[in-house]
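Work through the exercises below with the model open beside you. Try each task before you read its solution.

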Amino acid sequence: MHAVAGDGSWTLAFPRFGIERTTRARDLWGAIVGGAYASAEPGVLFIDRIRAEDNLAYCETISATNPCGEIPLPPYGACDLGSINLAAFVCDPLTAHARLDLDAIAALVPLAVRMLDNVWTLSHFPVPAQGEQGRSSRRIGLGITGLGDALAMLGLRYDSGEGRAAAAAAMRTIVEHAYAASIELARERGAFPRFERDPFLAAPFVTRLPRELRDGIARHGLRNSHLAAIAPAGTISVLAGGVSSGIEPIFALEGRRGVRQEDGTVAEVAVACPALLAWRSSAAPGAQAPESFVTATGIGPEAQLLMQAALQPHVDNAISKTTNVAAGPGGGGGAPGRSTRSAGVKGGCSHHGPSSGRPEAGYGGRRGAILVPGRACRLRPPPPGCERRPAPTRPRGGTAAAKAGRTTGFRWSRPPCRTASGRSLPTRVRPWR
């Protein structure tokens with residue numbers, strides 16, 4: 001990027017094949033931006049930044065990522081991903097008292113980390129080197145989904161500073177409690193085989209963790225080399241009720257989704273944003289949706305990259321992000337597209353490119369788009385014999401009310417303890433001293 005800014009040259013090299021040539025950096029950058037806008041290819045990987053931030057830089061060299069870019073991997077590496085649906089943790093949604101229940105999120109994280117760690121133990125691999133590589137680091141990627149719906153229910157615009165702060169607080173809670181849970185697993189099951197205390201503690205991301213966590217790692221090790229990643233989460237977000245995927249804004253309040261049938265044909269199904277449906281259930285007929293219900297087309301590319309940059313400090317793997325831009329002149333192929341990628345670099349982002357196969361492209365940028373915005377005239381009725389039941393709701397009153405019974409699939413036991421900085425940690429990972 002310095003070569004682009006200074007109109008310098010850039011060396012294209014494939015050392016393995018002995019191929020090397022020099023080109024003008026701005027010409028190369030323009031071709032990359034134009035190609036990504038026109039056909040969603042190619043992606044851009046800032047490998048120097050990835051290698052510098054890698055927790056295992058002392059024993060591995062990263063040269064690629066998984067297809068969506070949220071997990072930088074060594075040869076024979078594999079993904080082990082999970083996402084927490086933030087929309088399920090909004091207390092008193094769509095009211096003046098709406099808030100994100102960070103304590104409930106924190107209590108769920110240890111269960112998620114244990115589950116993802118179990119995947120490494122139980123999985124069978126077709127190639128022995130895959131199992132050896134994966135189990136030597138036991139890297140996992142716990143992240144978020146439903147961010148767009150959660151912010152809408154909180155009354156915060158996705159492109160606002162308050163929205164970015166709320167998202168960052170949620171991700172900081174997840175990553176710190178994930179590291180705490182991994183320390184506890186290391187005490188219980190042992191640290192990952194390639195763990196070396198001194199070089200691991202010297203990794204840039206680890207040095208930025210709270211002192212309580214660094215002390216815990218020094219004493220007991222860590223079960224997993226990496227713990228946080230934010231994936232596109234498209235399919236699992238559909239399974240979670242159609243919430244917005246990953247850290248994306250709401251794509252469309254209403255639209256049509258293409259669903260492939262058994263005979264190979266694609267049927268269109270009307271879909272609507274869950275947050276919108278919740279708002280409509282109590283809104284007056286004909287009322288306008290609140291301003292917080294902003295969609296991807298109403299958010300500029302730079303604002304979307306600012307959200308990714310706000311979350312990146314709390315992710316030790318990477319983030320997969322799609323940026324929708326306007327079609328036609330002035331869209332992603334011109335100055336806005338170039339400035340978007342430059343802003344991403346300055347914001348600390350290490351990856352720009354395919355996310356669910358649709359990076360920074362308009363609706364026509366990638367053939368076969370499965371989701372198209374537009375008014376949904378009606379929702380498809382359930383198949384014969386199926387009964388629609390209301391989804392479980394969190395008790396009113398937030399955490400205090402939730403402690404009296406079951407909520408979001410787990411039971412509360414004791415209130416979490418607090419770190420010196422005021423953030424809560426699960427009680428069972430407290431005894432490090």
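The exercises below go from the whole chain down to single residues.

**Exercise 1. The whole chain**

Task: State how many helices and strands the protein chain has, and what share of its residues count as buried.

Solution. Start with the source: this is a predicted model. Next, take the secondary structure. The protein chain has 15 helices and 17 strands. Then turn to burial. The chain has 433 residues, and 47% of them count as buried. Last, look at contacts between residues at least 6 apart in sequence. Of these, 70% join residues at least 24 apart.

**Exercise 2. The nonpolar cores**

Task: Find which residues touch the most other members of the largest nonpolar core, and which element gives the largest share of this core.

Solution. The largest nonpolar core holds 67 residues. Within this core, Val-113, Tyr-179, Ile-217 and Leu-311 touch the most other members. Now ask where the members come from. Several elements supply at least two residues each, among them helix H4 (102-122), strand E9 (141-145), helix H7 (161-189) and helix H13 (301-311). H7 gives the largest share, 13 residues.

Take Tyr-179 as a sample member. Set aside neighbours within four places in sequence. Tyr-179 is then in contact with residues including Asn-55, Phe-205, Leu-213, Ile-217 and Asp-316. There is also a second, separate core of eight residues. Val-4, Ala-25, Trp-29 and Ile-32 are among its members.

**Exercise 3. Two helices that meet**

Task: Decide whether H7 and H13 are roughly parallel or roughly antiparallel.

Solution. First, read the geometry. The two axes come within 9 Å and cross at roughly 30°. Second, apply the cut-off: angles under 35 degrees count as roughly parallel. H7 and H13 are therefore roughly parallel to each other. Third, add the handedness. H7 passes H13 in a right-handed crossing. Finally, list the residues that meet. H7 brings Gly-163, Arg-164, Ala-167, Ala-168 and Met-171. H13 brings Ala-303, Leu-306, Met-307, Ala-310 and Leu-311.

**Exercise 4. H5 and the residue after it**

Task: Describe which residues of H5 are buried, then say whether Arg-138 is buried or exposed.

Solution. Begin with the helix, H5 (128-137). Its buried residues include Gly-131, Gln-133, Gly-134, Ser-136 and Ser-137. H4 is part of what covers the buried residues of H5.

Move on to Arg-138. Arg-138 follows H5 and has a positive phi, near 50°. This residue is in the loop between H5 and E9. Its relative accessible area is 6%. Buried means under 20%, so Arg-138 is buried.

Now look for partners. The side chains of Arg-138 and Thr-121 are joined by a polar contact of 2.7 Å. Beyond residues up to four places away in sequence, Arg-138 also touches others, including Asp-117, Trp-120, Phe-192 and Arg-223.

**Exercise 5. Neighbours in sequence: Asn-85 and Leu-86**

Task: Give the element or loop that holds Asn-85 and Leu-86, and find what each one contacts.

Solution. Asn-85 belongs to strand E6 (residues 81-85). Leu-86 lies in the loop between E6 and E7. Check burial next. Asn-85 has 17% relative accessibility, so it counts as buried. Leu-86 has 1%, so Leu-86 counts as buried too.

Then check the polar side chain. A polar atom in the side chain of Asn-85 lies 3.1 Å from the backbone nitrogen of Ala-87.

Now the contacts, leaving aside neighbours within four places in sequence. Asn-85 is in contact with Thr-145, Gly-146, Ala-240 and Val-243. Leu-86 is in contact with residues including Leu-100, Ile-144, Thr-145, Gly-146 and Ala-150. Pick out Ala-150. This residue is 64 residues from Leu-86 along the chain, yet their C-alpha atoms are separated by 5.9 Å.

**Exercise 6. Positive phi without glycine**

Task: Locate Asp-92 and Ala-233, and give the phi of each.

Solution. Asp-92 is in the loop between strand E7 (90-91) and strand E8 (99-100). Its phi is positive, about 50°, although Asp-92 is not a glycine. Ala-233 is in the loop between H10 and helix H11 (234-239). The phi of Ala-233 is also positive, near 55°. One more step for Ala-233: its relative accessible area is 10%, so Ala-233 is buried.

Definitions and conventions:
Residues numbered from 1 in each chain as written. Predicted model: local features only at pLDDT ≥ 70, side-chain atom pairs only at ≥ 80, totals over all residues. Heavy atoms only, no water. Helix = DSSP H or I, 4+ residues; strand = E, 2+ residues; numbered from the N terminus. Buried < 20%, exposed > 50% of the residue type's maximum accessible area, 1.4 Å probe, protein only. Polar contact = N/O pair within 3.5 Å; in protein donor to acceptor, adjacent residues only side chain to side chain. Contact = heavy atoms within 4.5 Å. Core = buried A, V, L, I, M, F, W, Y, C linked by side-chain atoms within 4.5 Å. Axes fitted to C-alpha atoms, helices over the stretch in contact; angles between N-to-C directions. Parallel < 35°, antiparallel > 145°, perpendicular 65-115°, else oblique. Left-handed = near helix turned anticlockwise from the far one by under 90°.
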